[in-house]
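Work through these exercises with the structure open beside you. Try each task before reading its solution.

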Amino acid sequence: MAERPARKPRKAQSAQVVRTERLTPHMQRVVLGGESLAGFSADTCTDHYVKLLFPAGGATYPEPFDMERIRAEFPREQWPVTRTYTVRAWDPVQLELTLDFVIHGDEGLAGPWAVRVQPGETVHFMGPGGAYAPHVNADWHLLVGDESALPAIARSLEALPDGTRAHAFVEVSGPQEEQKIDSDVEVVWLHRGDRPVGDSLVEAVRSLEFPAGRMHAFVHGEAHFVKELRQLLRCDLAIPREDLSISGYWRLGHNEDGWQASKRDWNARIEAEQESAAPAA
């Protein structure tokens, strides 16, 4: 039940903003489209993602947009800034790519952009990448995450055939952040309130009576709670590594630049520590 190998990002692509929509007080949807997406595809993984490219410090890049040329001609500090977002939906007929953004007022880069961007504006991005889709031969599925993982969890649930056994836990700040998901799986919405991110998710999974049979799990979000749940699933419950898609999408106190710079080392250290404690296969 191994995951599909991650797809390497392709050269930069472009699209135009078709429309935007405020889904909840802290979630903004941006739909991209245009004939430039004719060669795009995001239909093999439910955690497909793209890396949006934002001009660094107001830099202006030559047209047509070419990342190889930018890297060759511009100093490193003027290269585009990347922000990674899950593909919430991809319509190959209408050529529409849907991305959902967690927003916190004026904080961050991509969130404020998603709120103010207007239809017709051009967006550059790399991708798609992706590695996970619910395995059809699993006896049941476990999907766990905070707001950052909600698009992938929603897409995964919508990909499951009706009647599939699954447990889904999504932590959001409060009831106003719940979303409608087109699935017969009952999502357990956990309202964080003033609790640390992920505490309620760890509590919920620890309290879950695991069904019999082989599980396929998707656990993503803030790195610290993901670490705790990896310890539980991989070490305490001896779930095989190939049955787990589990890693931190972000880390408290770090923006994406800082997290991506340290993520590989963080994950390698945590995995080494936990694999040494995991039962032998």
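**Exercise 1. Place a salt bridge in the chain.**
This is a predicted model. Find the salt bridge between Arg 29 and Asp 100, and state where its partners lie.

*Solution.*
Step 1. The side chains of Arg 29 and Asp 100 form a salt bridge, at 2.8 Å from N to O.
Step 2. Arg 29 sits in strand β2 (residues 27-33) and Asp 100 in strand β5 (residues 96-102). The two are 71 residues apart, so this pair links distant parts of the chain.
Step 3. Arg 29 and Asp 100 are both buried.
Step 4. In total, the structure holds eight salt bridges.

**Exercise 2. Classify the partners of two more salt bridges.**
Are Arg 214 and Asp 243 buried or exposed, or in between? Do the same for Arg 195 and Glu 203.

*Solution.*
Step 1. Recall the cut-offs: buried is under 20% relative accessible area, exposed is over 50%, and partly exposed is in between.
Step 2. Arg 214 and Asp 243 form a salt bridge through their side chains (2.8 Å, N to O). Arg 214 is in the loop between α4 and β10 (215-222), Asp 243 in the loop between α5 and β11 (244-250), so the pair ties together parts 29 residues apart in sequence.
Step 3. Arg 214 has 36% relative accessibility, so Arg 214 is partly exposed. Asp 243 has 2%, so Asp 243 is buried.
Step 4. Arg 195 and Glu 203 also meet in a salt bridge, at 3.5 Å from N to O. Arg 195 has a relative accessible area of 37%, so Arg 195 is partly exposed. Glu 203 has 45%, so Glu 203 is partly exposed too.

**Exercise 3. Describe the largest nonpolar core.**
How many residues does the largest nonpolar core have, and which have the most contacts inside it?

*Solution.*
Step 1. The largest nonpolar core has 24 residues.
Step 2. Leu 52, Leu 97, Phe 101 and Trp 113 have the most contacts inside this core.
Step 3. Elements giving two or more residues to this core include β1 (13-24), β3 (49-54) and α2 (110-116).
Step 4. Take Phe 101. Among the residues that Phe 101 touches are Met 27, Leu 52, Tyr 85 and Trp 113.
Step 5. A second, separate core has 21 residues, including Trp 140, Val 144, Met 215 and Leu 244.

**Exercise 4. Find what covers a helix.**
Which residues of helix α4 (residues 199-207) are buried, and what covers them?

*Solution.*
Step 1. The buried residues of α4 are Ser 200, Leu 201, Val 202, Ala 204 and Val 205.
Step 2. Their cover includes β7 (140-145), β8 (166-172), β9 (187-191) and α5 (223-236).

Notes
Residues are numbered from 1 along each chain as its sequence is written. This is a predicted model: local features need pLDDT of at least 70, side-chain atom pairs count only at pLDDT 80 or more; totals for chains, interfaces and linings use all residues. Side-chain values use heavy atoms; hydrogens and water are left out. Buried means under 20% relative accessible area, exposed over 50%, partly exposed in between (1.4 Å probe, protein chains only). Helices (H or I, at least four residues) and strands (E, at least two) are DSSP runs, numbered from the N terminus. Contact means heavy atoms within 4.5 Å. A salt bridge is a side-chain nitrogen of Lys or Arg within 4 Å of a carboxyl oxygen of Asp or Glu. A nonpolar core is a set of buried Ala, Val, Leu, Ile, Met, Phe, Trp, Tyr and Cys residues joined through side-chain atoms within 4.5 Å. Lists of a residue's contacts leave out its neighbours within four places in sequence.
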